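Q: I'd like a close look at just one part of this protein, please. Pick a stretch, and show me how it fits in with what's around it.

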Amino acid sequence: VQLQASGGGLVQAGGSLGLSCKVSGINFRIVNLDWYRQPPGKQRELVGTSTSGGTSIYAGSVLGRFTISRNYARNTMYLQMNSLEPDDTAMYYCRHEGARGTFWGQGTLVTVSS
């Protein structure tokens with residue numbers, strides 16, 4: 001199982017950025033997938049979950065600003081981030097937790113300048 005996150009970068013507050021997570025080695029259509037983030041000096045936290053049923057669940061801090069989606073043809077999950085704030089600065093990770101264990105992508109850095 002491999003997850004490869006990409007798309008991070010530097011953006012000004014109020015701007016937008018999109019992240020991608022390419023998934024391989026599992027049945028992309030029937031698994032839950034998560035986005036996590038770890039701000040500098042803080043613990044890793046859940047940003048949101050894309051469920052196998054096709055719904056997305058978000059942390060309160062990003063609700064209404066972030067959107068998770070999937071491209072089933074490309075086995076890729078996305079995180080569209082709008083109205084970014086300096087507090088969104090973090091390393092962002094995608095994750096899968098299932099019967100075979102817990103697997104993390106390598107992380108991609110998002111920096112939001114004020």
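A: One term before we start: two strands count as paired if DSSP finds at least two bridges between them. Also, keep in mind that this is a predicted model. Let's look at the loop between β8 (76-81) and β9, where D88 sits.

Start with what comes after the loop. Strand β9 (residues 90-98) runs antiparallel to strand β10 (residues 101-104), and four bridges join them. The two make a hairpin, with two residues between the strands. If you want a spot to look at there, find H96, which stands opposite F103 in β10.

Now go to the other end of the loop, to β8. This strand belongs to an open four-strand sheet with the order β1-β3-β8-β7 and antiparallel pairing. β1 and β7 are the edge strands, and each has a single partner, so one side of each has no neighbour in the sheet. From one strand to the next, the twist averages 15 degrees. β8 and β3 run antiparallel and are joined by six bridges. You can pick out L17 there, standing opposite M81 in β8.

So what's going on inside the loop itself? Take S83, which lies in this loop too. S83 isn't a glycine, yet its phi is positive, near 50 degrees. That's worth a second glance because most residues other than glycine have a negative phi. S83 counts as partly exposed, because its relative accessibility is 41%. For a cousin of this case, hop to the loop between β7 and β8, where you'll find N75. N75 isn't a glycine either, and its phi is also positive, about 50 degrees. Its relative accessible area is 24%, so N75 is partly exposed as well.

Back to D88. Its relative accessibility is 1%, so D88 counts as buried, the cut-off being under 20%. What does D88 touch? Beyond its neighbours within four places in sequence, D88 is in contact with R37, R65, F66, S83, V110 and V112. So S83, the residue with the positive phi, turns up again as one of the contacts of D88.

Follow the contact to F66 next. Setting aside residues up to four places away in sequence, F66 touches R37, V47, Y58, L79, Q80, M81, N82, L84, D88 and Y92. R37 is therefore on both lists, in contact with D88 and with F66.

F66 also takes us into the largest nonpolar core, which has 25 residues. L33, W35, F66, L79, M81 and Y92 are the ones that touch the most other members. Several strands feed this core: β1 (2-6), β3 (17-24), β4 (33-38), β7 (66-71), β8, β9 and β11 (108-113) each supply at least two residues. β3 gives the largest share, four residues. That fits a broader pattern: in soluble globular proteins, nonpolar side chains tend to be buried together.

Finally, zoom out. The chain has 11 strands and zero helices. Its radius of gyration is 13 Å, close to the 13 Å from the globule rule for 114 residues, so the chain is as compact as a globular protein of that length. Buried residues make up 39% of the chain, and D88 is one that counts as buried.

Terms used:
Residues numbered from 1 in each chain as written. Predicted model: local features only at pLDDT ≥ 70, side-chain atom pairs only at ≥ 80, totals over all residues. Heavy atoms only, no water. Buried < 20%, exposed > 50% of the residue type's maximum accessible area, 1.4 Å probe, protein only. Contact = heavy atoms within 4.5 Å. Core = buried A, V, L, I, M, F, W, Y, C linked by side-chain atoms within 4.5 Å. Rg over C-alpha atoms; globule rule 2.2 N^0.38 Å. Axes fitted to C-alpha atoms, helices over the stretch in contact; angles between N-to-C directions.
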